[in-house]
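Student: I've got the sequence and the model up on my screen. Pick one part and walk me through it slowly, please, including what sits around it.

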Amino acid sequence: MMILAPSMLSADFKVLGEELKTIEDNGAKYVHYDVMDGMFVPSLSFGPAILQSIRPASNLVHDVHLMIEEPIRYIEPFAKASADIITVHLEACEDLDATIAKIKEYGCKVGVSIKPATPVSALEPYVEKIDMILIMSVEPGFGGQKFMPVALEKIAEAKAMVDAKGLNIDIQVDGGIYTHNVEDVIKAGANIIVAGSAVFNGDTEANTKAMMEILNRYE
């Protein structure tokens with residue numbers, strides 16, 4: 001299934017509930033919730049309290065991306081705040097196996113992300129334990145960056161790896177994705193598309209429809 005996961009980082013927080021309803025009504029299935037700690041990445045963003053407060057505003061899958069050092073410390077509060085998927089960075093975990101186990105303990109799906117400089121092969125020991133791979137197509141930490149073309153090779157490599165193992169794992173891509181390049185990302189092997197500026201900058205309804213029109217061609 002092709003899934004659009006608009007990144008809440010780019011939404012208008014004055015009307016956040018309306019923004020969530022708009023993306024849901026126009027075909028998005030997930031909302032991507034970027035958590036930044038000012039350590040693993042330079043920026044700060046949201047905590048579990050905001051996630052909990054927005055949960056009643058939609059039926060979207062809450063896709064929580066922890067861009068934080070030692071995310072195992074925050075699995076419990078985000079799970080209790082109603083995260084459906086929790087993605088951690090391979091580079092941020094001293095013990096990734098323990099972190100994966102902690103996410104599963106709280107009944108959430110598990111995603112593992114890698115930054116642009118990290119080889120896809122680093123994921124191989126973990127792929128049979130997780131539900132989703134997240135390939136970063138920009139350096140994590142800031143919205144509005146330009147898509148890095150090397151990500152297409154990494155998406156294809158990740159797809160080939162999971163297919164060779166006969167696994168049913170989602171491949172998500174995050175960073176610099178717009179209507180002009182989303183088809184390249186899909187053709188490389190991704191099925192979950194994170195888009196922030198492309199959805200929320202301007203007319204959210206029209207932007208969501210435009211992205212979904214493209215994704216629906218690949219169902």
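Tutor: When I say that residues pack against something, I mean contact, that is, heavy atoms within 4.5 Å. Helices (H or I, at least four residues) and strands (E, at least two) are DSSP runs, numbered from the N terminus. This is a predicted model, where local features need pLDDT of at least 70 and side-chain atom pairs count only at pLDDT 80 or more, while totals for chains, interfaces and linings use all residues. Residues are numbered from 1 along each chain as its sequence is written, and side-chain values use heavy atoms, with hydrogens and water left out.

Let's take helix H1, residues 16–25. Leu 16, Glu 19, Leu 20 and Ile 23 of H1 are buried, meaning under 20% relative accessible area (exposed is over 50%, partly exposed in between; 1.4 Å probe, protein chains only). These four cover an arc of only 100° around the axis, so they sit on the same side of H1. The arc is taken from the directions from the helix axis to the C-beta atoms. Glu 18 and Asp 25, on the other side of H1, are exposed.

What do the buried residues of H1 pack against? Their partners are S1, strand S2 (30–36), helix H2 (48–54), H7 and H8. Just past the helix comes Gly 27, with a positive phi near 115°.

Now follow that contact over to H8, which spans residues 204–216. Those 13 residues reach 18 Å from first C-alpha to last, close to the 18 Å expected at 1.5 Å a residue; the expected span is 1.5 Å times one less than the number of residues. The buried set in H8 is Thr 204, Asn 207, Thr 208, Met 211, Met 212, Ile 214 and Leu 215. Looking down the axis of H8, you'd find them within an arc of 160°, so they line one face of the helix.

That face of H8 packs against H1 in turn, and also against strand S1 (3–6), helix H6 (182–188), strand S8 (192–195) and helix H7 (197–200). So what caps the N-terminal end of H8? Asp 203 does that job: one of its side-chain oxygens lies 3.1 Å from the backbone nitrogen of Glu 205.

Terms used:
A polar contact is a pair of N or O atoms within 3.5 Å; within protein, one must be able to donate a hydrogen and the other to accept it, and residues adjacent in sequence count only if both atoms are side-chain atoms.
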